[in-house]
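Please work through the exercises below with the sequence and the structure open beside you. Each exercise sets a task, and a worked solution follows it step by step.

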Amino acid sequence: MNDRLRTTHARSRSSRRPLLIGMLLSLVSCLAAGAHAAAASPPPAAKPSGPVSPDKQIDALFKEWDSPKTPGASVAVIRHGKLVFAKGYGTANLEYNIPIRPETIFHVASVSKQFTAMAVVLLELDGKLALDDDIHGYLPELPDYGTKITIRNLLQHTSGVRDQWQTLALAGWNLSDVITQDQALRLIFRQKELNFPPGTRNLYSNAGFTLLAEIVSRVSATPFPQFCAERIFTPLHMSHTHFHQDLTQLVPGRAYSYGNRGDGFAAAPLNYATVGATSLFTTASDLALWLDNFRDPKVGGTAGVARMQEEGVLADGTKIHYGLGIALDPYRGLKALSHGGGDAGYRSEVIWFPDQELGVAVISNLGSVNPDRLAKSVAEIYIGDKMDPQEAKKGAEQRKYVTMEAAEMEKFAGVYPLPKIDQTLNVVLKDGKLWAAAGLQLELHPVGPGHFYCKEIQADLEFSPQEHGGMHVKITQPGAINEAERIPAAANSGDFLPYTGVYWSDEMETQYTFFVRDGSLYARHAHHGEVALAPTAKDQFSTGWWFAPLVKFVRDTGGNVSGVTLGGGRVIAVAFTRKPGPAIQEPARPILEKH
């Protein structure tokens, strides 16, 4: 929301994986694009007065979710080849009061990618493909973009292929819809343009890993879930693990997905039937067995494990700290291999410290849980004495929110363009609270004058009044800082009728209608409803849709509006052509009187 105020990415979660919550492509999740969630440093736990066992310390970390009234998490730790901890906290199914146990199965989202990468590496070791092969040789349905895209490009998010979730949403899907592998592939194969020339940038793309799963299936002549079961899961004795491509498949002991709602919880349905980028169903203990394969490579051997850790390098020589489906960011001075994931209310993180032979897996069924922070906190319990010291940082749980009047918060509302990362922050006041609005609204909690905190994405927002009524915002996240100036109110007025009309895309097989109502410009889609547009520059607007935060109108040689591009985040710009027709101005909506 990937890639999921992040990216990375979650995704989740930087351009390599999402930092967010909910949907990995949320606009707000993209504000720290380029920062990796692995940079987040959990606050050190308070030292007890006497010796406390690692088990008790882990229990203290997860105390908040150790209740039958809340979703929770499962944790596993493997050290020197031995599973030293495995425990569940909270509830797998709130409607039937089923507790989370070590054997509870979770959807782990983008943690799936390293298994897809290993499947590809195994085929390379078999001599059936090479990482520098052009993918068109395996996927002839993919359009010819006039440039080579390699398997390695897909594995390291340098292909330029548009992200599938954002592309599907632009085409009209809701991500709570049933989405199958065939549907995703058909849409990917229709895309006529790339985000950028392959190898020139690093931008997280789930579509790349869906294509990799298809390559594995075609080269091996075996369905992808079966190939992974036979070549990876069975040899590692991961008996509770499978790729979930059949939505109707029963999964005894699975955890269901939840999000926060007010003081309680709500179901967060997930209906993906796609594999490669996501949809690995597994347990924390099984993931620990996988992590230990980096120590004792039963699957892939020494060569395969080393191959997965080859760092990506862009065409200009820039290193991207990402291997094959694995993040390579060190943590507090120690070499570490990691990846996180986030789909619907599922959250996951795995981290392996090769020199210390320690692996931690944290998986959760609650969207507000931060598994990255928790996994690192667990690791510190075991090897904290080997890590570089760090200054204590104030975590979300240590922050004290203050009361602020709506009138005081209202002065911070507005549109804040972030051209450096091609994003826009929309701050709105609603129900007496301040929100970062991006389809999925994230509350900004006041912690001091002009200072707000968004706990889901660990972001501090500091507003500073400027001359002539201007407003500046500084957005600080682990590993990333972005700053923006609010658009002056005068820029929010103008003649919007020339932009109105119906716009069609052959790639998406869908259309958007732009119209004026009450002096404002709106966009409407048959499935997504309508959204107001806020001007950010000449012919450019921002929206509250996470999948289309940026709208840029295109003019012909005569200066007339002839098209529009929609995108931002992991889809740079998809072109829509304006259909012939009159300008569209709709009457004001009647105001309903309260009785």
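The exercises that follow concern a predicted model, and they go from helices to cavities and then to single residues in loops.

**Exercise 1. Find which residues of helix 7 are buried, and work out what they pack against.**

Step one is to locate helix 7, which runs over residues 224-233, and to pick out its buried residues, namely Phe224, Pro225, Phe227, Cys228, Ile232 and Phe233. These residues lie on the same side of helix 7, because they cover an arc of only 155° around the axis. The general background is that an α-helix has 3.6 residues a turn, so residues three or four places apart point the same way. The last step is to look at the partners: the buried residues of helix 7 pack against helix 2 (113-125), helix 6 (206-220), strand 7 (242-243), strand 11 (280-282) and helix 8 (284-292).

**Exercise 2. Describe how far helix 6 and helix 8 are covered, and give the span of helix 6.**

Begin with the span of helix 6, which has 15 residues and reaches 22 Å from its first C-alpha to its last, a value close to the 21 Å expected at 1.5 Å a residue. Next, consider its covering: with 14 of its 15 residues buried, helix 6 is mostly covered. Helix 8 is also mostly covered, since eight of its nine residues count as buried, which means under 20% relative accessible area. The buried residues of helix 8 are Ala284, Ser285, Asp286, Leu287, Ala288, Trp290, Leu291 and Asp292.

**Exercise 3. Determine what lines the largest cavity, and which helix supplies the largest share of that lining.**

The largest cavity has a volume of about 50 Å³. Its lining is made up of Val161, Arg162, Asp163, Gln164, Thr167, Ala184, Leu187, Ile188, Gln191 and Ala207. Turning to the helices, one finds that helix 4 (164-170) and helix 5 (181-190) each supply at least two residues of this lining, and that helix 5 provides the largest share, three residues. Sorted by class, the lining of the largest cavity comprises five nonpolar, three polar and two charged residues.

**Exercise 4. Do the same for the second largest cavity: list its lining and sort it by class.**

The second largest cavity has a volume of about 40 Å³. The residues that line it are His157, Thr158, Ser159, Gly160, Val161, Asn195, Phe196, Leu203, Tyr204, Ser205 and Arg570. By class, the lining of the second largest cavity divides into four nonpolar, six polar and one charged. A careful reader will notice that Val161 appears in the lining of the largest cavity and also in that of the second largest cavity.

**Exercise 5. Place Gly172 and Phe496, decide whether each is buried or exposed, and find their contacts.**

Gly172 sits in the loop between helix 4 and strand 6 (179-180), and its relative accessible area of 5% makes it buried. Leaving out residues up to four places away in sequence, Gly172 touches His525, His527 and His528. The C-alpha atom of Gly172 is separated by 9.0 Å from that of Gln511, although the two residues are 339 residues apart along the chain.

Phe496 belongs to the loop between strand 22 (480-485) and strand 23 (501-505), and with a relative accessible area of 8% Phe496 is buried. Apart from neighbours within four places in sequence, its contacts are Val516, Gly519, Ser520, Leu521, Pro535 and Phe541. For one of these, Gly519, the C-alpha to C-alpha distance from Phe496 is 7.7 Å, while the two are 23 residues apart in sequence.

**Exercise 6. Compare the phi angles and the accessibility of Ala221 and Glu357.**

Ala221 comes just after helix 6, in the loop between helix 6 and helix 7. Its phi is near 55°, a positive value in a residue other than glycine, and at 67% relative accessibility Ala221 counts as exposed. Glu357 lies in the loop between strand 13 (346-353) and strand 14 (358-364). Although Glu357 is not a glycine, it has a positive phi of about 50°, and at 27% relative accessibility Glu357 counts as partly exposed.

Notes
Residues numbered from 1 in each chain as written. Predicted model: local features only at pLDDT ≥ 70, side-chain atom pairs only at ≥ 80, totals over all residues. Heavy atoms only, no water. Buried < 20%, exposed > 50% of the residue type's maximum accessible area, 1.4 Å probe, protein only. Helix = DSSP H or I, 4+ residues; strand = E, 2+ residues; numbered from the N terminus. Arc of directions from axis to C-beta. Contact = heavy atoms within 4.5 Å. 1 Å grid on protein atoms, 1.4 Å probe; cavity = no way out; pocket = protein on both sides within 12 Å on 5 of 7 lines; lining within 4 Å. Points joined across faces, edges and corners; volume = space filled by probe spheres on them. Nonpolar A, V, L, I, M, F, W, Y, C, P; charged D, E, K, R; others polar. Expected span 1.5 Å × (residues − 1).
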